[in-house]
Amino acid sequence: MRLVLLGPPGAGKGTLASFLNKELGIPHVSTGDILREEMKNNTSLGQEVKQYVESGGLVPDEVVIKLIENKFSSDCAIDKGYMLDGFPRTEVQAKDLDALLNDLQKPVDQVIYLDASLPVVIKRLTGRRICRNCGAIFHMKNNPPKEEGICNECGGEVYQRPDDNEETIQTRMDVYLDNTKPVIEYYEDQGKLKKVDADRDSQEVQESLMKIFNGDR
Ligand code: AP5
């Protein structure tokens, strides 16, 4: 299955991708995770993108497009399908992605648009915590780690992303509305978009997804 997960910050793209990866084994490709890994390792790319990521702005198109090109040309796991999370985020990225995937004969099958409202995403993102080691996602209220600050999955340190504060969340939301909303129309015009109400709890969102995959709606 070849999927794109679209939606505002905090809509639940990473949470859903983790579920689909466990359930269906679809490889998960998150540009946000790749960029944070580069920052953690203090590579030259990590240093270049840090200011954009931490302020909630977009990393320049040419930088993220190159990352995706490298990923798709070097990772054989992608032959089993893919789930893109956080990419494409601009119309330029969407068009370049189509060109790349057409060349590789691996076009996108479906685009899942997780539609979530601002008050919901603010609550989710301000309460989110992430494992520094394995990337497991928690929420201080809905899904806290069993032991404070420690990951249930691997025992790694659980931390709060620096861009998960109210001011930066608002910037990320504005950036999303200006840049990523047109991507939704782009895929709608291709007849590939499926919209899911992502304000609901995780289980309901997952059930809607499975219905879409089973062709029930
Ligand atoms: P990225 O990491 O992609 O961040 P994002 O798009 O802002 O999305 P998030 O990871 O914040 O949210 P999510 O939808 O995955 O939510 P999650 O599942 O964690 O990008 C970060 C930055 O990198 C960008 O700002 C930009 O600078 C840069 N970047 C990345 N890609 C780029 C690109 N293509 N071009 C340019 N720049 C790029 O869930 C959130 C919380 O809610 C969790 O605590 C979770 O437990 C909880 N939760 C999830 N679903 C539910 C539910 N249904 N009910 C209750 N709680 C839920």
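**Group meeting talk: strands and a ligand site**

In strand 3, Tyr82 is the bridge partner of Arg2. I'd like to start there, hi everyone, and work along the strands before turning to the ligand. A word on the source: this is a predicted model, where local features need pLDDT of at least 70, side-chain atom pairs count only at pLDDT 80 or more, and totals for chains, interfaces and linings use all residues. Residues are numbered from 1 along each chain as its sequence is written, and side-chain values use heavy atoms, with hydrogens and water left out.

Back to that bridge. Strand 1 (residues 2-6) pairs with strand 3 (residues 82-85) in the parallel sense, over 4 bridges. Strands here are DSSP runs of E with at least two residues, helices are runs of H or I with at least four, and both are numbered from the N terminus. Two strands pair if DSSP finds at least two bridges between them. Strand 1 also pairs with strand 4 (residues 110-115), again parallel and over 4 bridges, and there Leu3 has Gln110 as its bridge partner. Is strand 1 mostly covered or mostly open? Mostly covered: 4 of its 5 residues are buried, where buried means under 20% relative accessible area, exposed over 50%, and partly exposed in between (1.4 Å probe, protein chains only).

Now for another sheet. It is open, has 3 strands in the order 6-5-7, and its pairing is antiparallel. Strand 6 and strand 7 are the edges, each pairing on one side only. Strand 5 (residues 128-131) is covered on both faces: Arg128 and Ile130 are buried on one side, Arg129 and Cys131 on the other. With strand 6, strand 5 shares 3 bridges, and Ile130 is partnered there by Ile137, while Arg129 stands opposite Phe138. These two strands form a hairpin with 5 residues between them, and Gly135 in the turn has a positive phi of about 80°. On strand 7 (residues 158-159), which is joined to strand 5 by 2 bridges, the partner of Ile130 is Tyr159.

So much for strands; on to the ligand. How many residues surround the ligand? There are 34, and the closest are Thr15, Gly57, Arg89, Arg128 and Arg172; a residue counts as near if one of its heavy atoms lies within 4 Å. That shell divides into 13 nonpolar, 12 polar and 9 charged residues. For the classes, Ala, Val, Leu, Ile, Met, Phe, Trp, Tyr, Cys and Pro count as nonpolar, Asp, Glu, Lys and Arg as charged, and the others, Gly among them, as polar.

For polar contacts, meaning pairs of N or O atoms within 3.5 Å, here are three. A polar side-chain atom of Thr31 lies 2.8 Å from a ligand nitrogen. A polar backbone atom of Gly86 is 2.9 Å from a nitrogen atom of the ligand, and a backbone N or O atom of Ala11 lies 3.2 Å from a ligand oxygen. The protein covers 95% of the 1000 Å² of accessible area that the ligand has on its own, using the Shrake-Rupley method with a 1.4 Å probe. Helix 2 gives the most to the shell, with 4 residues.

Why does the ligand lie between two domains? Because domain 1 (2-117 + 168-213) and domain 2 (128-163) both give residues to its shell; those bounds come from an automatic or database domain assignment. Thanks, everyone!

Terms used:
Polar contact = N/O pair within 3.5 Å; in protein donor to acceptor, adjacent residues only side chain to side chain.
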